[in-house]
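Please take a moment to look over the sequence and the model below, and then follow the text from the DNA to the protein interior.

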There are 2 protein chains.
Amino acid sequence: MPASSTPLGHEPLSQEALRARLTAHGIGATAQRLEIAALVLSEPQHVTAEIVLSRLGALGRRVSKATVYNTLNLFAARGLLRTLAIDPDVTWFDSNTDAHFHIQHVDSGELVDLDPHSVRLVGLPPLPPGTEVAGIEVVIRVRAQTG
Amino acid sequence: MPASSTPLGHEPLSQEALRARLTAHGIGATAQRLEIAALVLSEPQHVTAEIVLSRLGALGRRVSKATVYNTLNLFAARGLLRTLAIDPDVTWFDSNTDAHFHIQHVDSGELVDLDPHSVRLVGLPPLPPGTEVAGIEVVIRVRAQTG
DNA sequence: ATATGTGCAAATCCTTTGCATAGAA
DNA sequence: TTCTATGCAAAGGATTTGCACATAT
């Protein structure tokens, strides 16, 4: 576990800081990974592989789709990102790894963080014997008001 | 599956009752739909298209994969089932349409209802303006205890 | 008859994978 | 070197779709 370079972990990060962050997580700092890290880790956000790919394209950086998927999955495995398994259509990656919940617009798929202080999960559910919590996800799906 | 309780609409259903239920929801009562309804609506449970397909096969009923998907989606659209969009690998359909949350085993994918009385969501999240709640999903993912 | 539903196969879409090449230690 | 990462295209798996045939009212 790192915790060395960035207190909150989401300040605009220098190339050096990014490299240190990857290294601290046991991730080799390649050009492509640094590009993706710069896009994704600089501030809390929700991204899909497709989004990362298009942003890279907009910046003129050419990174293959396979590498984007590999990198996002690697970051998630090493704790730099959190995988959100709440959308059947696409895998979302969250650069905010703190415990928090989400609002999703069902029409656009867009995700928004839920204010951690506004909603709370109360009560200890009886877990199946021999199991432990791997993660908790709360999604409030919203749509445009009808009528 | 021990039916310790019997939520609304989950009594063992006769062919007549099933037909009436479909008709009441504006669904034409075809042979295939009745087969699937008998399997799925008779008691609260979580199923995937694949599960329904294999159960039908085990009973010697031949229903095409396309029809199983069409039927489950139709049932969900008409309110007989609830779609659970919490598993990136597969779409789960829940024949318990009452508000409740879930525990999922990350290894097997298996879903279990969370006792509605043990866990509660507290606090009103500020919804994006012009939106209304379409649904709320809470998933507690568990895994086999390590160590 | 006339509108609907079913089944098969092909098509889609997201994601992963195999393998040859390129880069880093 | 020697190990690891990248890129391309193909593979994979769940779900949808087009269309001809069958069914129901």
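Around DNA strand D there are 16 residues, of which Thr30(A), Thr67(A), Tyr69(B), Asn73(B) and Thr91(B) come nearest, where a residue is near a strand if one of its heavy atoms lies within 4 Å of it. Of the atoms of DNA strand D that come within 4 Å of the protein, 83% belong to sugar and phosphate. This is a predicted model, in which local features need pLDDT of at least 70 and side-chain atom pairs count only at pLDDT 80 or more, while totals for chains, interfaces and linings use all residues. Residues are numbered from 1 along each chain as its sequence is written, chains are lettered from A and ligands numbered from 1 in the order in which they are written, and side-chain values use heavy atoms, with hydrogens and water left out.

Phosphate oxygens of DNA strand D lie 3.1 Å from a side-chain N or O atom of Arg33(A), 2.9 Å from a polar side-chain atom of Asn73(B) and 2.5 Å from a backbone N or O atom of Thr91(B). Helix 4 of chain B gives the largest share of the surface near this strand, 5 residues, helices being DSSP runs (H or I, at least four residues) numbered from the N terminus.

Turning to the interior, the largest nonpolar core has 25 residues, with Ile36(A) and Phe75(A) among those that have the most contacts inside it; such a core is a set of buried Ala, Val, Leu, Ile, Met, Phe, Trp, Tyr and Cys residues joined through side-chain atoms within 4.5 Å, and buried means under 20% relative accessible area (1.4 Å probe, protein chains only). A second, separate core of 22 residues includes Leu18(B) and Val68(B).

Methods
A polar contact is a pair of N or O atoms within 3.5 Å; within protein, one must be able to donate a hydrogen and the other to accept it, and residues adjacent in sequence count only if both atoms are side-chain atoms. Helices (H or I, at least four residues) and strands (E, at least two) are DSSP runs, numbered from the N terminus. Buried means under 20% relative accessible area, exposed over 50%, partly exposed in between (1.4 Å probe, protein chains only).
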